[in-house]
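The following questions and answers go through one protein model, from confidence to sheet, helix and loop. Please look at the sequence and structure first.

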Amino acid sequence: MMLAKKYIRITGIILIIIVPVLILNWGKLTKPAHQINVPTDKLMLVSNDSIKFQFNPFEKKIKFVAYMKIGALYHVKECERLIKKFPNIPFIFYVINSDQKTIKEYLQHNKIAYPIYYYPTNEWGDLSFISFIVDKNNKVIETTGPGMKIHFENSLKRIQNSNY
């Protein structure tokens with residue numbers, strides 16, 4: 001009887017310690033970070049007056065990555081101010097399901113002076129635009145983008161000032 005009471009008391013103490021730890025960390029334990037495909041071997045398309053990367057964008061600790069159909073390329077123009085404001089965060093844009101000639105014409109016609117990567121296949125279904133901030137291992141830190149103006153800029157500020 002005495003042994004049973006000690007067992008119950010020890011079990012109770014263990015549960016008091018373990019249960020809150022499990023509850024607080026449940027999301028981390030059950031949801032592995034989503035990792036996306038950020039291919040480095042895609043053809044870079046540029047307009048005649050395109051800027052050049054001063055570094056390899058794929059090797060940075062943090063990067064903004066967007067996949068879009070050609071009709072959503074206007075998002076690149078929306079990002080120009082933030083590209084200049086956050087020069088240490090590379091912005092990597094992939095255009096999916098389109099031909100190279102059409103993309104180059106669009107870049108030149110709309111004076112988009114930022115490199116665009118040609119991604120001939122579409123892994124994103126019917127989405128015309130999807131974007132993420134990812135770490136050096138391409139694990140998603142946050143799903144955000146230029147359509148969420150204030151939130152997007154605040155996310156870039158926070159991440160730039162963090163330990164990522």
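**Strand, sheet and helix**

Q: How many residues of β2 are buried?
A: The model is a predicted one. Strand β2 is mostly covered. The count of its buried residues is 7 of 7.

Q: Which residues of β2 are buried on the side opposite K63, V65 and Y67?
A: In a regular strand the side chains alternate between the two faces of the sheet. Both faces of β2 are covered, with K63, V65 and Y67 buried on one side. The buried residues on the other side are I62, F64, A66 and M68.

Q: In what order do the 6 strands stand in the open sheet?
A: The pairing in this sheet is mixed. Strands β2 and β5 pair in the antiparallel sense over 7 bridges, while β2 and β3 run parallel and are joined by 5 bridges. The order of the strands is β1-β4-β3-β2-β5-β6.

Q: Which strands stand at the edges of the sheet?
A: The open sheet has the order β1-β4-β3-β2-β5-β6. An edge strand here has a single partner strand, so one side of it is left without a neighbour in the sheet. The two strands at the edges are β1 (44–45) and β6 (140–142).

Q: Which residue in β6 is the bridge partner of V134?
A: Strand β5 covers residues 129–135 and runs antiparallel to β6, with 2 bridges between them. V134 is also the bridge partner, in β5, of K63. In β6, the bridge partner of V134 is V140.

Q: What is the handedness of the β-α-β crossover from β2 through α2 to β3?
A: Strands β2 and β3 run parallel and share 5 bridges. In β3, the bridge partner of V65 is I92. The chain crosses from β2 through α2 to β3, and the crossover is right-handed.

Q: At about what angle does helix α2 run to β3?
A: Helix α2 spans residues 74–85. It lies across β2 (62–68), β3 (91–96), β4 (116–119) and β5. Its angle to β3 is about 175 degrees.

Q: How wide is the arc that the buried residues of α2 cover around the axis?
A: An α-helix has 3.6 residues a turn, so residues three or four places apart point the same way. The buried residues of α2 are H75, V76, C79, L82 and I83. They lie on the same side of α2, because the arc they cover is only 110 degrees.

Q: Which helix do the buried residues of α2 pack against?
A: These residues include H75 and C79. They pack against the strands β2, β3, β4 and β5, and also against a helix. That helix is α4 (149–160).

Q: Is H75 buried or exposed?
A: H75 is found in helix α2. Leaving aside residues up to four places away in sequence, H75 touches F129 and P146. Its relative accessibility is 9%, and so H75 counts as buried.

Q: How far apart in space are T40 and E59, C-alpha to C-alpha?
A: T40 lies in the loop between α1 and β1, and T40 is exposed, with a relative accessible area of 53%. T40 and E59 are 19 residues apart in sequence. Their C-alpha to C-alpha separation is 9.8 Å.

Q: Which element has the lowest mean pLDDT?
A: The mean pLDDT of the protein chain is 77, and 74% of its residues reach 70 or more. Over residues 18–31 pLDDT stays under 50, and the model has 2 contacts for them beyond four places in sequence. Among the elements, β2 has the highest mean at 92, and the lowest, 48, belongs to helix α1 (residues 2–30).

Methods
Residues numbered from 1 in each chain as written. Predicted model: local features only at pLDDT ≥ 70, side-chain atom pairs only at ≥ 80, totals over all residues. Heavy atoms only, no water. Pairing = 2+ DSSP bridges. Helix = DSSP H or I, 4+ residues; strand = E, 2+ residues; numbered from the N terminus. Contact = heavy atoms within 4.5 Å. Axes fitted to C-alpha atoms, helices over the stretch in contact; angles between N-to-C directions. pLDDT = per-residue confidence, 0-100. Buried < 20%, exposed > 50% of the residue type's maximum accessible area, 1.4 Å probe, protein only. Right-handed = clockwise from strand over helix to strand, strands pointing away. Arc of directions from axis to C-beta.
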